Amino acid sequence: MHDIKTMSDLFQRAGEKSNTGITFIAGKDKIEFISYKDIYQQSLVLLSHLENFGVKPGDEVVFQIEDNHEFLLSFWACILGGFVPVPVSIGENYEKKVKVMKIWDGLNNPYLLTSKKQNLQFETFFANYNGRDVLSLSLKTILLESIDMHASPSCSVYDPDPQELAFIQYSSGSTGDPKG
């Protein structure tokens with residue numbers, strides 16, 4: 001492997017290791033260890049799905065993801081594909097949904113990555129927020145449940161320039177519009 005210059009390089013190197021990884025603690029009795037090698041392989045499966053959906057390098061992917069495991073795989077799939085992950089806290093109330101809409105409006109070519117449950121709530125809000133066209137959102141929405149995580153990956157890892165934007169983290173927007 002070449003020198004590590006990007007987040008993608010770092011993750012590809014970590015993806016060679018099956019004895020180290022991340023432990024998810026979802027409750028007193030629910031602990032899951034996943035190796036970096038497995039995270040890497042599962043991220044490639046998700047990357048394949050995102051590419052097949054039409055996401056291209058440089059496109060933004062807005063996350064409305066509750067599950068930490070799915071969040072992690074989605075983040076690294078985006079990094080490996082050259083997509084720009086945009087993690088945003090779940091729009092549980094009106095103010096958070098408005099924040100997501102303001103972020104969406106400020107992006108160049110956004111996609112939404114979410115669950116069926118979150119999507120239903122978001123589409124209802126979207127339709128009522130300044131009379132927006134729900135079809136335009138649904139055409140750019142990728143549902144996590146639609147992804148076959150047992151499929152074989154058929155994607156290519158993007159080789160970014162070290163100066164390219166890796167991800168966007170937004171401010172809370174509590175004192176105005178959220179800033180990336």
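Begin by selecting Leu165, which is exposed, with a relative accessible area of 55%; that counts as exposed because the value is over 50%. Keep in mind from this first stop onward that the model on your screen is predicted. Leu165 lies in the segment that follows strand β6, which covers residues 141-143. If you now add Gln42 to the selection, you have two residues 123 places apart along the chain, and their C-alpha atoms are separated by 23 Å.

**The whole chain**

Next, clear the selection and show the chain as a cartoon, in which you can look for 6 helices and 6 strands. Following the sequence, the elements come in the order α-β-β-α-β-α-β-α-β-α-α-β. The radius of gyration is 17 Å, close to the 16 Å that the globule rule gives for 180 residues, so the chain is as compact as a globular protein of that length. Turning the model along its principal axes, you will find that the C-alpha trace spans about 50 × 45 × 35 Å.

Now switch to a surface view, where the accessible surface comes to about 9900 Å², with 50% of it belonging to carbon and sulfur atoms. Of the 180 residues in the chain, 43% are buried. If you consider the contacts between residues at least 6 apart in sequence, 68% of them join residues at least 24 apart. You may also color the charges, of which 16 are positive and 23 are negative, and the mean positions of these two groups are 4 Å apart.

**Helix α1 and its neighbours**

Select helix α1, residues 7-14, and pick out its buried residues, which are Ser8, Asp9, Phe11, Gln12 and Ala14. Showing the surroundings of these side chains leads you to α2 and α3, the helices against which the buried residues of α1 pack.

From there, move to Ser43, which is found in helix α2, residues 36-53. Is Ser43 buried or exposed? Ser43 is buried, with a relative accessible area of 0%. Leaving out residues up to four places away in sequence, Ser43 touches Phe11, Leu73, Trp76, Ala77 and Leu80. Phe11 in that list is one of the buried residues of α1 that you have just selected.

**The nonpolar cores**

For the next stop, display the largest nonpolar core, which has 27 residues, and in which Leu50, Val55, Val61, Phe63, Phe83, Leu113 and Ile142 have the most contacts. At least two residues of this core come from each of α2, β3 (60-64), α3 (68-81) and β5 (110-114). Which element gives the most to this core? The answer is α3, with 8 residues.

Within this core, center the view on Val61, which, apart from its neighbours within four places in sequence, is in contact with Val55, Cys78, Phe83, Val84, Pro85, Val86, Tyr111 and Leu113. Another core of 18 residues lies apart from the one you are viewing, and Val100, Met101, Leu112 and Tyr129 are among its members.

**Two loop residues**

Go now to Asp59, whose place is in the loop between α2 and β3. Asp59 is buried, with a relative accessible area of 9%, and, not counting residues up to four places away in sequence, it touches Gly54, Phe83, Val84, Asn109 and Tyr111. A distance drawn from Asp59 to Ile103 should come to 14 Å between C-alpha atoms, although the two are 44 residues apart in sequence.

The second loop residue to select is Val88, which sits between β4 (84-87) and α4 (94-106). Val88 is also buried, with a relative accessible area of 8%. Its contacts, again without residues up to four places away in sequence, are Val62, Phe63, Gln64, Lys99, Val100 and Ile103. Asp177 is 89 residues from Val88 in sequence, and their C-alpha atoms are 14 Å apart.

**Last stop: Val134**

Finish at Val134, which lies in helix α6, residues 134-138. Val134 is partly exposed, with a relative accessible area of 23%. Beyond the residues up to four places away in sequence, Val134 touches Glu123, Phe126 and Ala127. Drawing a line from Val134 to Glu123 joins two residues 11 apart in sequence, whose C-alpha atoms are 6.2 Å apart in space.

Notes
Residues numbered from 1 in each chain as written. Predicted model: local features only at pLDDT ≥ 70, side-chain atom pairs only at ≥ 80, totals over all residues. Heavy atoms only, no water. Helix = DSSP H or I, 4+ residues; strand = E, 2+ residues; numbered from the N terminus. Rg over C-alpha atoms; globule rule 2.2 N^0.38 Å. Buried < 20%, exposed > 50% of the residue type's maximum accessible area, 1.4 Å probe, protein only. Contact = heavy atoms within 4.5 Å. Areas by Shrake-Rupley, 256 points an atom, 1.4 Å probe, with all protein chains shown as cover. Lys, Arg positive; Asp, Glu negative; His and termini not counted. Charge placed at Lys NZ, Arg CZ, Asp CG, Glu CD. Core = buried A, V, L, I, M, F, W, Y, C linked by side-chain atoms within 4.5 Å.
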